[in-house]
Amino acid sequence: MSVAIQGVSIPRSGHHFLERLLRSYFNGGGRQRMHYCEYYTCCRTRPCKDFDPDWATDELGMHKSHDEILRGGDPDYEPVLVPSVNPKHLIQIRHPVPSTISDYETYLAKKPARDSAKLAKDPDFELHPPRTWKAFSVPELLYRNTFLKKWILDNEWIDSPRHLVLIFDDLVADPRKQLASVIRFVFPEEEPDSEALDRAMNYEPVKPKRDPGVFEHVDTLDELRTLCDETWEACMARLGART
Ligand SMILES: [Zn+2]
């Protein structure tokens, strides 16, 4: 059977890193077995309008979601996702503090280009200075807490073989092992192909982890950690108890 996977990820938790690994694994062998829907810049429908029900039997359709409604997203833009077992869910998480730092750095880097694109479309578009770290970080940390509660702590399907949780630090530390676990999750009847795994590693060398010590607002981090450490540790205990 072809397989659809609903990806649900905290922003900056390695979703696109995994996407590249999967593309290399499934599409690097001369055949395109993986179809990917970014949702936000693709079709904004689920399942993706480009996914074909008549796929060959061993093809993968992968969807992305950040469950934006949890951070005040518009339900018309992305309807509420509910944990379920159909399709399979691949949940990617990372500690709220480093993922928010990474998100903030991405926001600052992309803001000038986004502003000029908006200005080009609408000459009356009002430019605002970038949000401060404090204005950005607190709602983002609370969103991540809510995400973790919904998708890990309160998720009734978390122990189902149709839900897989991938932790960012594990993915970065050993991408080959984590990619193999995703392949087994997607196609349990198919032994991961070690040549294709090697190929994926060649395409995507492991990047070094960001050093939080170089972050400009490092003095705020202890205080911000208190907002989310308890939830994160509860998640790690919950996930550790499964293995
Ligand atoms: Zn799509």
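This is a short guided tour of the model, moving from its sheet to a helix and then to some loop residues.

Before you start, note that the model is predicted: local features need pLDDT of at least 70, side-chain atom pairs count only at pLDDT 80 or more, and totals for chains, interfaces and linings use all residues. Residues are numbered from 1 along each chain as its sequence is written.

**Stop 1: the sheet**

Begin by colouring the strands. Strands and helices here are DSSP runs numbered from the N terminus, with E over at least two residues for a strand and H or I over at least four for a helix. You should find an open sheet of five strands with parallel pairing, in the order β2-β3-β1-β4-β5. At its edges are β2 (34-37) and β5 (163-167), each of which pairs on one side only. Two strands count as paired if DSSP finds at least two bridges between them. From one strand to the next, the twist averages 20 degrees; axes are lines fitted to C-alpha atoms, for helices over the stretch in contact, and angles run from 0 to 180 degrees between N-to-C directions.

**Stop 2: β4 beside β5**

Now select residues 88-93, which make up β4; five bridges join this strand to β5, and the two run parallel. To pick out one bridge, show I93 together with its partner in β5, I167.

**Stop 3: the helix across the strands**

Next, select residues 175-186. This is helix α5, which lies across β1 (3-9), β3 (60-63), β4 and β5, and runs at about 170 degrees to β5. For contact, the C-beta atoms of two residues, placed from the backbone, must lie within 7 Å.

**Stop 4: the loop between β2 and β3**

Which peptide bond should you look for at R46 and P47, cis or trans? The bond joining R46 and P47 is cis, with omega about -5 degrees, and P47 is found in the loop between β2 and β3.

Stay in this loop for Y39, which is not a glycine yet has a positive phi of about 65 degrees. R44, also in the loop between β2 and β3, has a positive phi of about 55 degrees and is not a glycine either.

Are these side chains buried or exposed? Y39 is partly exposed because 19 other C-beta atoms lie within 10 Å, and R44 is partly exposed because it has 15. The cut-offs are 20 or more other C-beta atoms within 10 Å for buried, 12 or fewer for exposed, and partly exposed in between, with C-beta atoms placed from the backbone.

**Stop 5: the loop between β3 and β4**

Finish at P87, in the loop between β3 and β4. The peptide bond from N86 to P87 is cis, with omega near 5 degrees.
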